[in-house]
Protein chains: 2
Amino acid sequence: MGVAERKAKEKEELRNLILQGARKLFVQKGIEQTTIRSIAEAIDYSIGTVYVYFKDKNAILHALHTQGFADLGGQFTVLFNVADPMERLKAMGRVYIRFALDNPDMYDLMFSIKAPMEYLNAVNEEWSEGKTAFNVLRTTVQQCMEAGHFKGHQLEPLTFMIWSLVHGMCSLEIGQRTKGVNLQDADGIVEQAFGEFLKILDTL
Amino acid sequence: MGVAERKAKEKEELRNLILQGARKLFVQKGIEQTTIRSIAEAIDYSIGTVYVYFKDKNAILHALHTQGFADLGGQFTVLFNVADPMERLKAMGRVYIRFALDNPDMYDLMFSIKAPMEYLNAVNEEWSEGKTAFNVLRTTVQQCMEAGHFKGHQLEPLTFMIWSLVHGMCSLEIGQRTKGVNLQDADGIVEQAFGEFLKILDTL
DNA sequence: ACGAATTTTGAACAATGTTCATTTTATGGG
DNA sequence: CCCATAAAATGAACATTGTTCAAAATTCGT
């Protein structure tokens, strides 16, 4: 079965090539400039070929969204070294924020844009990336609780609250809602606001 | 000058008619179904007429975004009755969340979608709606501080942090990031998480 | 070498935002 | 009432998008 194997590998390679081209365009030019035509042109294949390997544009965006979670997960690996769960929680926030502000379009795709979720609805699959990421956060919060923090709080709502806080800052910053609002020091507002959150965390 | 006045009034009326049609479509069908053609058809005018009254689609979306802020501001009027700033802050959060979840597309347009901000950049104007809304929140937080709360915190970063927290919950919910993540009680997660936030507020 | 299966192609379609020459309507003076 | 001028409204036309699919090109097995 040597031929079938090679063919399967070639299919996989071309799929990855398409994704690689799509990602390059996505990161460089943003989501609306990442057209099927531009992807096909970037890798010297025809439009139709893209549709052989991906059902539609949502499928491509979902695949990119998945790559984004792999990247973010990679950034999180440094946190394994932080033993104290509270310190790890804080560090997670910092890594998360840095990832979001360094990769604004990718972050939008992962946490705001509806296309990846529409793909999941269409193929009737679960959001496994989100589930996994949330589990990492929840486990850390749980360990904080086991260490005596967050007395009187419920695990899941609290976890979601913390996620929302950090996501909200990134979302507003990326969506350009901070520039027009803050009079003094609009630049560092995310870092400063996160600092306020850390102060509160120290009391819980 | 009776004629000129009447003409000006007619222009204003037609502008409002276009906006009314756009809003109806926007609320009913969402942003991507709100096309220039569908707007024109809904009010029995031609495509070209829409472009006489609005520079482009971003201008229409910005006008709708402004209407959204007027609506949200209207919802906030009930808060004038709440004398205690801390109670008012909590009530603001509830009103904000209800507005967001009741008007998801409008909320997206106001706080996530880039089109209104791109319009502002194009015409070189400020985001006055955002400024005003943020001022309302900041004033309330300041009054909380004057009443002895939030010791050791900075006003603007803290205000932005609170905004981010509430916005983040709404953004994740509207962006369908909650459904796929939470095992138990995905429905009420926003309310529950906000409840956790209120518990924390009571200690500050 | 050749028929069959697989892969790739790109023309074609529908829908979108946008432009602008043309048509229609309104205005006001003779 | 007429008609020249201005203002307003029109919709055909263009560029670009996602998407489809019959045809062409390539590869495979015998």
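This report on a predicted model covers the protein surface near DNA strand C and helix 7 of chain A.

## Surface near DNA strand C

Twenty residues surround DNA strand C, and those that come nearest are A:Thr49, B:Arg6, B:Arg37, B:Tyr51 and B:Lys57. By residue class, this surface divides into eight nonpolar, eight charged and four polar residues. On the DNA side, 63% of the strand C atoms within 4 Å of the protein belong to sugar or phosphate, and the rest belong to bases.

## Phosphate contacts

An N or O atom in the side chain of A:Thr49 is 2.7 Å from a phosphate oxygen of DNA strand C. For the side chain of B:Lys57, the distance from an N or O atom to a phosphate oxygen of the strand is 2.7 Å. A:Ser46 uses its backbone instead: one of its N or O atoms there lies 3.0 Å from a phosphate oxygen of DNA strand C.

Helix 1 (2-29) and helix 3 (47-53) of chain A each give two or more residues to the surface near the strand, as do helix 1 (2-29), helix 2 (36-42) and helix 3 (47-53) of chain B. Helix 3 of chain A provides the largest share, four residues.

## Helix 7 of chain A

Helix 7 of chain A spans residues 115-123, and its buried residues are A:Ala115, A:Pro116, A:Met117, A:Tyr119 and A:Leu120. These buried residues pack against helix 4 (57-76) and helix 6 (104-111) of chain A. Just after helix 7, A:Asn124 takes a positive phi of about 60°.

How values were computed:
Residues are numbered from 1 along each chain as its sequence is written. Chains are lettered from A and ligands numbered from 1 in the order in which they are written. This is a predicted model: local features need pLDDT of at least 70, side-chain atom pairs count only at pLDDT 80 or more; totals for chains, interfaces and linings use all residues. Side-chain values use heavy atoms; hydrogens and water are left out. A residue is near a molecule or strand if one of its heavy atoms lies within 4 Å of it. A polar contact is a pair of N or O atoms within 3.5 Å; within protein, one must be able to donate a hydrogen and the other to accept it, and residues adjacent in sequence count only if both atoms are side-chain atoms. Ala, Val, Leu, Ile, Met, Phe, Trp, Tyr, Cys and Pro count as nonpolar, Asp, Glu, Lys and Arg as charged, and the others, Gly among them, as polar. Buried means under 20% relative accessible area, exposed over 50%, partly exposed in between (1.4 Å probe, protein chains only). Contact means heavy atoms within 4.5 Å.
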